[in-house]
Amino acid sequence: MQATIRLCLRALCCLMLPAIGIASQEHAFTLKVTDNLRPGAKLYVAVYTEQAHSWQSPILQKLVFTLPSTTEAEFSLPLPPGRYAVKAFVDENENQILDRKNQRTPVEPFGFSLGDRRNKPSFRFTKSVATLNADSPAISLQLQYPQANEDTVKQPEP
């Protein structure tokens, strides 16, 4: 039943998108993920519009992908042209949330989109906003891996 409803909604959207000015190139945009070291794991992605202004704002779109066995991957972003910020995490323990130490520091791999004209990712929302259009059809996101620490790795005794 739910699958039928989803198919009907998708068909309705395909009929309505041209009428509201969203071109069929909408599905030509991609999310490029680099430094994947967790093949087979789920990648949870949150997409925000530039107008959101912060990571605490409502999420425009939530996506879930399975990471391939390659270190780089591309996933389709069903978005119209615009400016977006993306954050993601690899759900290593399959609990569907980003686990953190002391409610701040991630203990699972994570990443933020590479903003326009930047060569280094930032956790700051404004520096993570990237443009999607015909000239720039992809948003890049480099996965980062938390450093091992004394709470997660036993140190050998002297």
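## Elements of the chain

Helices are DSSP runs of H or I with at least four residues, and strands are DSSP runs of E with at least two, numbered from the N terminus. In these terms, the elements of the chain run α-β-β-β-β-β-β-β-β-β-β from the N terminus on. The chain therefore holds one helix and 10 strands under this assignment. The structure described here is a predicted model.

The chain has 158 residues, of which 33% count as buried. Burial here means a relative accessible area under 20%, while a residue is exposed over 50% and partly exposed in between.

## The sheet around β1

Strands β4, β1 and β10 form an open sheet in that order, with mixed pairing. At its edges lie β4 (residues 73-77) and β10 (residues 138-142), each of which pairs on one side only. On average, neighbouring strands of this sheet are turned by 25° against each other, with direction ignored.

Within the sheet, β1 covers residues 29-34 and is joined to β4 by five bridges, the two strands running antiparallel. One position in this pairing is K32, whose bridge partner in β4 is E74.

## Strand β2 and its partners

Strand β2 is largely enclosed by the rest of the structure, because six of its eight residues are buried. Two pairings of β2 can be described in detail. With β3, β2 shares six bridges, and these two strands run antiparallel. In this pairing Y44 has V64 of β3 as its bridge partner.

The pairing of β2 with β5 is also antiparallel and extends over eight bridges. Here L43 has V90 of β5 as its bridge partner.

## The largest pocket

The largest pocket has a volume of about 820 Å³. It is lined by 27 residues, and those closest to its centre are K87, L98, R100, P106 and F112. Five elements give two or more residues to the lining: β2 (42-49), β3 (61-66), β5 (82-91), β7 (105-106) and β8 (110-112). Strands β2, β3 and β5, whose pairings are described above, are thus among the contributors to this lining.

By residue class, the lining divides into 17 nonpolar, six polar and four charged residues.

## Salt bridges

A salt bridge is counted where a side-chain nitrogen of Lys or Arg lies within 4 Å of a carboxyl oxygen of Asp or Glu. By this rule the structure has four salt bridges. One of them joins the side chains of R38 and E92, with an N to O distance of 2.3 Å. This pair links distant parts of the chain: R38 belongs to the loop between β1 and β2, E92 to the loop between β5 and β6 (100-101), and the two are 54 residues apart. R38 is partly exposed, with a relative accessible area of 30%, and E92 is also partly exposed, at 37%.

Two further salt bridges involve R83. Its side chain meets that of E50 at 3.0 Å, N to O. R83 lies in strand β5 and E50 in the loop between β2 and β3, 33 residues apart in the chain. The side chain of R83 also meets that of D116, at 2.5 Å, N to O. D116 is in the loop between β8 and β9 (129-132), and this pair, too, links distant parts of the chain with a separation of 33 residues. Through shared partners, E50, R83 and D116 are joined into one network of salt bridges. As for accessibility, R83 is partly exposed at 32%, E50 is partly exposed at 28%, and D116 is partly exposed at 22%.

## Positive phi in the loop between β5 and β6

Most residues other than glycine have a negative phi. Against this background, E94 stands out with a positive phi near 60°. E94 is found in the loop between β5 and β6 and counts as exposed, because its relative accessibility is 67%.

Q96 likewise has a positive phi, near 65°, and is a residue other than glycine. The loop between β5 and β6 also holds Q96, which counts as exposed at 55% relative accessibility. E92, the salt-bridge partner of R38, belongs to this loop as well.

Technical notes: Residues numbered from 1 in each chain as written. Predicted model: local features only at pLDDT ≥ 70, side-chain atom pairs only at ≥ 80, totals over all residues. Heavy atoms only, no water. 1 Å grid on protein atoms, 1.4 Å probe; cavity = no way out; pocket = protein on both sides within 12 Å on 5 of 7 lines; lining within 4 Å. Points joined across faces, edges and corners; volume = space filled by probe spheres on them. Nonpolar A, V, L, I, M, F, W, Y, C, P; charged D, E, K, R; others polar. Pairing = 2+ DSSP bridges. Axes fitted to C-alpha atoms, helices over the stretch in contact; angles between N-to-C directions. Buried < 20%, exposed > 50% of the residue type's maximum accessible area, 1.4 Å probe, protein only.
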